[in-house]
Amino acid sequence: MMKKLPIFFLFLLSVFNGQAQQGTYTNPILAGFYPDPSICQAGDDYYIVTSSFAYYPGLPIFHSKDLVNWKQIGHALDRPEQLPLIGAGVSRGLFAPAISYYKGVYYIVCTLIDRGGNFVITATNPAGPWSNPVYLKEVQGIDPSLFFDESTDKAYIVYNSEPPGGKTLWNGHRTIRQYQFDYVNKKVVGEEKLLINGGVDTAQHPVWIEAPHIYHINDWYYLMCAEGGTGYNHSEVIFRSKSPEGPFIPWKENPILTQRHLDRNRKNPITTAGHADLVQAPDKSWYAVFLACRPYEGEHYNIGRETFMTPVTWTPDGWPVITKGNELVQYQYPLPAAAKKEANAFNGNFTFRDDFDKSPLNVRYTFLRTVTEKWHNTVDKKGFLSLQLRPQTVSGKENPSFVGFRQSHHQGSAITKLNFTPTQENEKAGLVIFQNEGHFYYLCKSLSNGKPVIQLYQSSKDSMKLLLSKPIATGKDVYLRIEPNKDVYNTSFSTDGKTWTPMQKVDGKFLSTATAGGFVGSVFGLYATSLGKPSKTKAYYDWFEYKGADEVYKK
């Protein structure tokens, strides 16, 4: 029989347990394709917004009370009139939003590339509704952000733009510019100012100075920017001034964040760190959110650029530092003092399951380009997601019958149960793993010579080619499974959910950013198409389940 512990030891045990419960938080805090994070604080609440490119709704918004436990509360652009994306390539659309809060109003500025350019939207509730965009034609460039100077009640918009006179002195030569911003009437005022021409050290020909943010901390105005491009050489740099209009002087120890100089062969690397934003935790300590990547080999990663968070330290003379020297961005950091134990559905090895018994669809789903007609619902057949087969395909630049869920791990599985009876060989429904219009694999049910089959396709130029076809018994139900394992994706199917028939292992590097290009990550999609022909057939998905199983998170 266990003896009772003395009170002193019970006290020590309670202290130890409290420390253990405090624990750590896990990076990335938003796993998968959530790049270009911007963060703001409003009282006890924190909000993050990230890029979404040609996915719809646009600009996912996340909420937290402690910077650790995040919940998606909506999208800033969720109405067709707000966001025209038809015809846009998947890596075009919305670039690099920035969110701010001032006097009871939330502001997001962003760039709709190839369309209207830079715009501002507002809301009194960050969960929405948000206003229609007001375009700022004078702001020519990308990556805008707003700064509100509480000491003067003035606002400024800063952004990346071309060199003076459009004269590029080296490849990647860009500038940071600024207008004063009338936040009441949502327009720029006065003359444009040139804040930074080129970057920290023009003798080194720095490239892609971008993603600027201004902060007023103590007696200084800090201008923080990304530099080096959004690839392996990404970094974050800092300048400061006594005025929000400059002149801004760079810190001699820049960059304040990068991983580009580290051993590329290190285990479980985190790379391409940059595009950061600063925020204070509830305990008044400082943190940075930024994008970074987790390659599985070389520069190959399939899950896109993700949102990470690290503590920020300050030098005695008042400069913020995110990483220094050979410091690695970590997968785990101690929880902020006021944070609760981590219980986040967006990081670590999580499972997402949807039985399609609720309407509207879970906010985590995403669509390719603006949804302008109702081709999906959960009411046609109770407990099922119904997709109307339509002519549009994921190879094109329209809005196909595609309901996507971001791949957030290099290892795991995506499974769905499908109820579908095709009537023609062009009618197909199933599960796609999609990176862009020219890089995807499609596991689907269809017909061949009038008999039901499971087919596996790989995208080819403007279309797709058949890799394998296997017959199945006549019946409506089939289970489809795609299992990523870094550079290999296993595909299989089942008619009973127990015995699985393998299809083919496919090359995962085909889906990596290094191969496919662009700025997005891979997305699993429930996808039904009639390949350019009209159809009245519908596909019914009973459930969808995604599981992440990355080794780095396993205990």
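In this predicted model, an open sheet of four strands follows the order E7-E8-E9-E10 with antiparallel pairing, where strands are DSSP runs (E, at least two residues) numbered from the N terminus and two strands are said to pair if DSSP finds at least two bridges between them. Strands of a sheet pair through backbone hydrogen bonds, either parallel or antiparallel. The edges of this sheet are formed by E7 and strand E10 (134–135), each of which pairs on one side only. Within the sheet, strand E8 (residues 105–112) and strand E9 (residues 117–123) are joined in the antiparallel sense over seven bridges, and Ile-108 stands opposite Ile-121 in E9.

Another open sheet of four strands, again with antiparallel pairing, has the order E20-E21-E22-E23. Here E20 and strand E23 (320–321) are the edge strands, each pairing on one side only. Strand E22 (residues 306–314) pairs with E23 in the antiparallel sense over two bridges, and Val-321 in E23 is the bridge partner of Thr-313.

Residues are numbered from 1 along each chain as its sequence is written. Local features need pLDDT of at least 70 and side-chain atom pairs count only at pLDDT 80 or more, whereas totals for chains, interfaces and linings use all residues, and side-chain values use heavy atoms, with hydrogens and water left out.

Attention then turns to the pockets. A pocket is an open set of points on a 1 Å grid over the protein atoms alone, where a 1.4 Å probe fits and protein lies on both sides within 12 Å along at least five of seven lines, and its lining residues have an atom within 4 Å of a point. The largest pocket holds about 790 Å³ of space, the volume being that filled by probe spheres set on the grid points, which are joined across faces, edges and corners. Its lining comprises 28 residues, of which Gln-41, Tyr-101, Phe-148, Glu-150 and Tyr-215 lie nearest the centre. The elements that each give two or more residues to this lining are strands E2 (38–42), E7 (94–102), E11 (142–149), E15 (210–217) and E20 (271–280).

The second largest pocket contains about 560 Å³ of space. Among the 23 residues that line the second largest pocket, Pro-360, Leu-361, Asn-362, Val-363 and Phe-367 are the closest to its centre. Strands E6 (71–77), E25 (351–354) and E27 (376–377) each supply at least two residues of this lining, and the largest share, three residues, comes from E25.
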